[in-house]
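Okay, thanks for coming, everyone. I'll put the structure up and then walk through how the chains and domains fit together.

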Amino acid sequence: MDAFIHQVLSGLATGGIYASLALALVMIYQVTHLVNFAQGEMAMFSTYAAWSLINAGMGYWPAFLLTVLFAFALGVVIERVVIRPVEDAPVLAIVVIFIALLVILNSATGWIYSYTIKTFPSPFPKEPLFGNTYVSSHELGAIGVTLVVLVLLYVFFRFTPLGLAMRAVAQNPESSRLVGIRVGWMLALGWGLAAAVGAVAGMMIAPIVYLDPNMMGGILLYAFAAALLGGIESPFGAVLGGFVVGVLENVLGAYVIGNDLKLSVALGLIIGVLLVRPSGFFGRVHVTRV
Amino acid sequence: MKSKLVPIAALLAAALASPATLAQKKYDPGASDTEIRIGNTNPYSGPASAYGTIGKTITAYFKMVDDQGGINGRKINFISYDDAYSPPKTVEMVRKLVEQDNVLFVFQTLGTPSNTAIHKYMNMKKVPQLHVATGASKWNDPKNFPWTMGWQPNYQTEARIYAKSILQTKPDVKIGVLYQNDDYGKDYLKGLKDGLGDKAAKAIVAEVSYEVSDPTVDSQIVQLQASGANVFFNVGTPKFAAQAIRKAYDIGWKPVQYLNNVSSSIGAVLTPAGLEKSVGIITTAYLKDYSDSQWANDPAVKRWESFMKKYYPTGDLNDSSNMYGYTVARTLEQVLKQCGDNLTRENVMKQAASMKGQYIDTLLPGITITTSDNDYAPIESVQMQRFNGKRWERFGEVMGN
Amino acid sequence: MALLEVKGLHASYGPTRVLHGMNFAIDEGSITAVLGANGAGKTTTLRALCGMVKTEGEVRFGGARIDGRLTEDIVRLGIAHVPDGRGTFVNLTTEENLRLGAYTHKDPAAVESDLERVFGYFPRLKERLRQQAGTLSGGEQQMLAVSRAMMLRPRLLLLDEPSFGLAPLLVRELFEIMRTVNQRERVSILLVEQNAAMALDLADHAYLIETGRVVLSGPADEIKRDDAVRRSYLGY
Amino acid sequence: MTRRASIGVAVLLVIACLLLPFVVSNYRTFQFTLVLVYAIALLGLNILTGYNGQISLGHGAFYAIGAYTAAVLMDRLGAPYWATVPAAGAVCLVAGFLFGLPALRLEGLYLALATFALGVSMPQLLKYHHLEKWTGGVQGIVIAKPEPPAFLHEAGLRMNSDQWLYFFALTVAAVMFVLGWNLLRGRVGRALIAIRDQHIAAEAMGINSALYKSLAFGVSAMYTGVAGALGAIAVQYVAPDSFTIFLSLVFLVGIVVGGLASISGALYGALFIQFVPNVADEISKAAPWAIFGLFLIGFVYLMPTGVAGAVRMLLVRFTRKGAK
């Protein structure tokens, strides 16, 4: 029983990892209606930037803030320079651009920083909370940070005109222009915000899995599954989906199917759920009268 | 052959035919008076690109050799291609090396699947596949594959050494194994089982695998703890090995830990895992570890360091792959020196197979390279060592098969 | 001076040219109707004014050139466009649609009073505030589209076939409201319609276009009496 | 281009294809064999993604199934190599059709996830210990290289095995392309495109879209499976590591760069995925993937509708000029 609880808690901790990156995917989807496969590598790259700053002697929180800003700028620049010129190309061409970005960032990071794993500091205490042996303080703290980001995103999209405008752009760019929204900038802004959310995720993930250029490879797939399971338009759903995936994977691996097939079976189950409930837990069913 | 005619005949031959007859010079494709062409594939891109640094180190090393005048007066032309760790690409690139670039032999092609893919081809073509970068045991098979030779101690042997050690020290042993679900992980697992013999079924209480795409191995470590194991055999690559060591400590699991040699670097594994969390870990080694303070003033390691700084400045000094690449390149240098002016493929193989207790100074003291016609496993012995919180402490004899 | 002045306006979709040098003007505070058969270029004319298609020629709004500018900049000058197909944000709520209409206004108090003003014209929308806009009926969606445009507090309102798909009674109601808006708020209106009879009843001035050119223009009363128009568009 | 000119070009192309292995080295012949293999795989993916609009991020899985079918049949059951190709096609047809049935309910992102998951899972399934007896587990299966048939030798045609393999692949590719051409240029092709562009309208026109969509999956997988079998025979080795998710992504890259919904695009795409990584490797050992990525972005910028689209536009311009 103790082992079972331990597996569940450890699954929640890993789920928190998926949730944090899933939030970035939801963010970019809200604005562009695309899932950016390079999101994980952008987060990884930003985390390396944070590592450089901290290694150069900067304090954790200043480095954290500066990295979030850097990531935001990176996102905006990528949208303006790389994505903008192919805006009107077929969706698959844009997917291919994402793949290109993924390999470029991965390869360039390996070249600049080498592939040796690096430790990334945690802002949270070293000692586990209440002396428990189940989850580390960092894992709890990371979940806390993810929840904070979640609330911020929710408030942003629900209650600010800018958030509303972004949702509008995703749905109907032409109508958005007709109410005076600068669509181009909204897309760039969306990329920037998604990259910033991703950078936070990266800095929370790196202390757990270590910093290396391939750190996001597996996580991206799980985050993608989590986002869809929760309903790709819902930040809440993404986080819940992350936790569900994390726990599901652990329990399957430890008790049901064994570790070597847990990924396949977990994904199979998620797809099964999506077959029955295509909009995920929190996704809204869109009804339109023709 | 003591007649006066001999010098004249030699002169005649030199003037008429190839220079090979002069002073026994013999060449196969890829070798000449001025250069030796060597082929290689490495994963510079793709999922295993972390290992690409080995190819870069070797390239840098032969650059240095050339700067210092080459080997026996010949420049080394080291041609290395990216195979992205994909066997079909390895086949393609190796064929390019052999058929188009006309290399004398290929050296240090990396990865068990990749080398398996070209194994038959190389032996059919009779082109040496020298010092392959994998620890599988199948490369030591001179009867069936006389053109293929490994280099590093193989995984199974290493695991058998751990098995022996476990059986000696712990009477009531319950072993939990964490292994990467691929050829490398399974070789270690097999070696351990072979070493334990008929005790294996009882002694191994849990064997859990992970995939390289797994973000963490936390769940696996929790499983191992729950199995009640009192010995932990950690067969992970650096990132996962470090995660496992940290997690085991954090959840209060205190088994005797055996760590596979691939992840024995202090800088790249134990430091990230936490030095205080790594105390007591047992591993084997055959190379000096730059990040181990006991070698801080070792002249060989110093030489390596200055080589790295000059010829491969972007290389990470903590990455033990760079020490590996340097050492294997020096092994090849020795083989080529021995070849002298007889640079045929046959002679390369012959020289590679006739090293007698050759010591290369970045190997641990007591570890030497020995090969023969029926022994194609250059490094067979390893040294056991235990981590004391600061550095590795060697103990026991140098062990081999 | 005319509020909107168009000279030699050409427009094309890719290689196909749709407008061939249109000339017309709209007076401040007037209601102007553009009539024409299907494919004559009515919708394109409205899209051209808002920079939504590639154009050549001159468009002046309040005396300043606006041709070649970005749609969102033109809108910010005070031109609201209810597009063909209504352009509803179907996945957003009614309220969110309306608030988007006021996107360019930063003063929250003013936005609230604008909302009340719009509900004064279309009380039905107030009951549907939290409803997903895509689930509204056709008539309600049309009201929402007009309301959204009014939230901009425009000087000029462009309406593209507001009667499309609505019951005649609803159309009459809508047009009445448009007249009130025009008179009470001094909003100029440019109306594109297939339903020529009703459009001419509402409008002060009318243009008739055929294959991308203005072929007839004048006060609505005169156009209504024109024989050709009567035969082709009014059907009597 | 006039009809006569295009026939002329086609004839020249066929002659070039036939002469190629006698002109270039064995190693190059081998490379072009791989190009043919990839071209078949890409045509398969194009049927599904390009023509029918169903995205697949996991087609490498079907390639793997085809390859393993061939390897297992040859190595474990002693089947002749040529027989494994249709067998692999049949297995993948069934596998694709079955996968396509649930996938019917999935669109866009959800289908992307499902296929992505398939692509990621495949190597793990191949390694699965209960299948090890057949698949060889992590070690894979080494298979024998086919020799040219005896009748060629008797007929006086001397050929080495690389050349023979090339002609074998060329024949299979020709058959698959002709079949594909007939399929896509006819009623079926129009139905596939109609479903992609106007889903509801297609249903209204009486097209059984469910059937067509799962058939598209099956046929697409069949093509890719045939390619997988050929690829395995050419490389003489299969292992789980040969079929990672990157293979699937590279296939997607191939059809986009080559040209979506274009038969000739499969060939351009195959040339791209075969040769551009080599070029990238020549340029930089430090970060070859970065170079590859830049190439990719460059191609999409310059030719957003793929090489096939660009070629089509050039031809149009060329003939217009010619007409003037």
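**Chains, domains and one helix**

Let's start inside chain B: the C-alpha centres of its domain 1 and domain 2 lie 33 Å apart. At their contact, domain 1 of chain B puts in 14 residues and domain 2 of chain B puts in 10. If you want the bounds, domain 1 of chain B is 2-153 plus 301-381, and domain 2 of chain B is 155-285. The two bury about 850 Å² between them, with 46% of that coming from carbon and sulfur atoms. And how many salt bridges does the rule find across that interface in chain B? Zero.

Before I go further, a reminder that this is a predicted model. Its scores are ipTM 0.88 and pTM 0.90. For chain D, which I'll spend some time on, the average pLDDT is 90, and 98% of the residues score at least 70. Within chain D, the element with the lowest mean pLDDT is helix α10, residues 199-204, at 77. The highest is helix α3 of chain D, residues 60-75, at 96. The usual caution goes with that: where pLDDT is low, the predicted coordinates should not be read in detail.

Now chain C, which also splits in two. The assignment there gives domain 1 as 2-78 plus 154-234, and domain 2 as 89-153. Their C-alpha centres are 23 Å from each other. In the contact we have 16 residues of domain 1 of chain C and 13 of domain 2 of chain C. Together these domains bury about 1,300 Å², and 73% of it is on carbon and sulfur atoms. On the domain 1 side of chain C, the residues that lose the most area to domain 2 are C:Pro154, C:Ile177 and C:Glu185, together 33% of what that side buries. Keep C:Glu185 in mind, since its side chain also meets that of C:Arg117 in a salt bridge, 2.3 Å from N to O. The count between the two domains of chain C is one salt bridge.

On to whole chains. Which chains have the most contacts between them? Of the four pairs that touch, that's chains A and D. On the other hand, chains B and C do not touch, and their nearest C-alpha atoms are 36 Å apart. Chains C and D have no contact either, with their closest C-alpha atoms 14 Å apart.

So let's look at A and D. The contact involves 38 residues of chain A and 36 of chain D. About 3,400 Å² is buried there, and carbon and sulfur atoms account for 82% of it. On the chain A side, A:Leu92, A:Val96 and A:Leu275 lose the most area to chain D, together 17% of what that side buries. The rule finds zero salt bridges between chains A and D.

Put the B and A interface beside that. Here 31 residues of chain B are in contact with 33 of chain A. They bury about 2,600 Å², 50% of it on carbon and sulfur atoms. The rule gives one salt bridge across this interface. B:Lys239 forms a salt bridge with A:Asp212, and their closest N and O atoms are 3.5 Å apart.

Back to A and D, and zooming in on a single residue: D:Leu113, which sits in helix α5 of chain D, residues 108-127. Is D:Leu113 buried or exposed? It counts as buried, because its relative accessibility is 1% and the cut-off for buried is under 20%. Leaving out residues up to four places away in sequence, D:Leu113 touches a set of chain A residues: A:Leu221, A:Phe224, A:Ala225, A:Leu228, A:Ile270, A:Ile271 and A:Leu274. There's also D:Leu57, which is 56 residues from D:Leu113 in sequence but 7.8 Å from it in space, C-alpha to C-alpha.

Last stop, helix α14 of chain D, residues 288-302. It has 15 residues and spans 21 Å from first C-alpha to last, close to the 21 Å expected. Its buried residues are D:Pro288, D:Trp289, D:Ala290, D:Ile291, D:Phe292, D:Gly293, D:Leu296, D:Ile297 and D:Val300. What covers them? The cover includes α3 (60-83) and α4 (91-113) of chain A, β3 (75-82) of chain B, and α12 (245-258) and α13 (263-283) of chain D.

Key
Residues are numbered from 1 along each chain as its sequence is written. Chains are lettered from A and ligands numbered from 1 in the order in which they are written. This is a predicted model: local features need pLDDT of at least 70, side-chain atom pairs count only at pLDDT 80 or more; totals for chains, interfaces and linings use all residues. Side-chain values use heavy atoms; hydrogens and water are left out. Helices (H or I, at least four residues) and strands (E, at least two) are DSSP runs, numbered from the N terminus. The expected span of a helix is 1.5 Å times one less than its number of residues. Buried means under 20% relative accessible area, exposed over 50%, partly exposed in between (1.4 Å probe, protein chains only). Contact means heavy atoms within 4.5 Å. pLDDT is the predictor's confidence in each residue, from 0 to 100. Domain bounds come from an automatic or database domain assignment. Buried area is the accessible area (1.4 Å probe) that two parts lose on being put together, summed over both. A salt bridge is a side-chain nitrogen of Lys or Arg within 4 Å of a carboxyl oxygen of Asp or Glu.
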